[in-house]
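Visitor: I am new to protein structures. Please choose a single part, show it to me up close, and then walk me outward from there.

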Amino acid sequence: MSDGLFLVRFWGARGSLPAPAAGNCEFGSDSPCVEIRCGDHVLIFDLGSGAQALGTTLVQEGVKDFDIFLSHSHLDHVIGLPFFKPFYKATVHARLFAGHFLDDMTCFEMAERFMAPPFFPVTPDIFHAKVEFRDFRPPATLKPQPGIVISTVRLNHPNGAVGYRVDYKGRAACYVTDHEHIPDHPDSGLLALIKGAEILIYDCMYTDAEFGPCRGFGHSTWEEGVRICEAAGVKRLVIFHHRPGRTDEDLRQIEAEAQARFPGAIVARTGLELTL
Ligand SMILES: [Zn+2]
Ligand SMILES: [Zn+2]
């Protein structure tokens, strides 16, 4: 059995919009979807357009029980929800967690509003799987399976978003997108969440040079990712949520600059696998 396995797989790393283009095939165009395997158990973070390929793979592998965690419900993070094949299998039992709705609506109400005319032809009633919609309020601690502990924190993003930390077998991976930092005032709750983690997947939509006119849009920079990794003793920074227009060349350059500052930096791409 793969009891000690702790694996992170990227199915989509593009932010704001799936953005296929001839010049970005190396890093990929699908919007956020990240799979984390803890032993045999599958955790999924966001259902962006990358969820389409992940869903096909899970069905092929016969995976029937898993947990999904939404950072929030902006389109780039849920657009794959209606196209996620396991939801159409009666043998599947999934739990879908979301932590920023409760003041306005439930996670299930979000899905009903999202999958409805005139934006979508069918409603969630079409799903055959047993999908449990579970709402929580950060900083709730979630224990989806024995031995897996998930800590949560509220992020700074229009309409809200939630950051996650997965602890398993003494190691930790964090998923923190979409989040706008306040320059020179790192968020103490976020620093506590990521402290000592092996991996931080972080919203690096912009560079510091681009950030000024983009304040208020709810995103951060790879340089801030480096700063908080250094401040919190995180070993690896995964640069994530790439601007739709970034080319492979742009991202290779960002990776080289980031690695010169912080050797543990890597730019996420569709198909990237990291073992903790
Ligand atoms: Zn986003
Ligand atoms: Zn967003």
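Guide: Let's begin at I254, which is buried because its relative accessible area is 8% (buried means under 20%, exposed over 50% and partly exposed in between, using a 1.4 Å probe and protein chains only). What you see is a predicted model, in which local features need a pLDDT of at least 70 and side-chain atom pairs count only at pLDDT 80 or more, while totals for chains, interfaces and linings use all residues. Residues are numbered from 1 along each chain as its sequence is written, chains are lettered from A and ligands numbered from 1 in the order in which they are written, and side-chain values use heavy atoms, with hydrogens and water left out.

I254 sits in helix α7, which runs over residues 248–261. Helices here are DSSP runs of H or I with at least four residues, strands are runs of E with at least two, and they are numbered from the N terminus. Leaving out residues up to four places away in sequence, I254 touches W222, I239, R246 and V267; a contact means heavy atoms within 4.5 Å. Of these partners, V267 lies 13 residues from I254 along the chain, and their C-alpha atoms are separated by 7.9 Å.

Now follow W222 and R246 to another residue. T207 touches these two, along with T221 and E223, again not counting residues up to four places away. T207 belongs to the loop between β11 (199–203) and α5 (208–211). At 14% relative accessibility, T207 counts as buried, too.

A few other loops are worth a stop for their backbone angles. Most residues other than glycine have a negative phi, and most peptide bonds are trans. K169, in the loop between β9 (161–168) and β10, has a positive phi near 50° although this residue is not a glycine. K169 is partly exposed, because its relative accessible area is 46%. D184, in the loop between β10 and α4, has a positive phi as well, about 65°. With 75% relative accessibility, D184 counts as exposed. The loop between β10 (171–176) and α4 (188–194) also holds D178, and a cis peptide bond with an omega of about -5° joins T177 to D178. Another cis peptide bond links P117 and P118, with omega about 5°; P118 is found in the loop between α3 and β6.

From that loop you can step onto the elements on either side. Helix α3 (residues 107–114) contains E112, which is partly exposed at 38% relative accessibility. Strand β6 (residues 130–135) contains V131. V131 is buried, since its relative accessible area is 17%, and setting aside neighbours within four places, its contacts are F87, A94 and L96. To get a feeling for distance, compare V131 with A231: they are 100 residues apart along the chain, and their C-alpha atoms are 39 Å apart.

Helix α1 (residues 51–61) shows how buried residues can be arranged. Its buried residues are A51, L54, G55, T57 and L58. Viewed down the axis of α1, they fall within an arc of 165°, so they line one face of the helix (the arc is that of the directions from the helix axis to the C-beta atoms). These buried residues pack against β1 (6–12), β2 (33–38) and β3 (41–45). After α1 comes G62, with a positive phi near 75°.

Finally, step back to see the setting of I254. The protein has seven helices and 14 strands, and buried residues make up 57% of its 276 residues. Its radius of gyration is 17 Å, which agrees with the value near 19 Å for a compact globule of 276 residues; the radius is taken over C-alpha atoms, and the globule rule is 2.2 Å times the number of residues to the power 0.38. Along its principal axes, the C-alpha trace spans about 50 × 40 × 40 Å. Among contacts between residues at least 6 apart in sequence, 68% join residues at least 24 apart.
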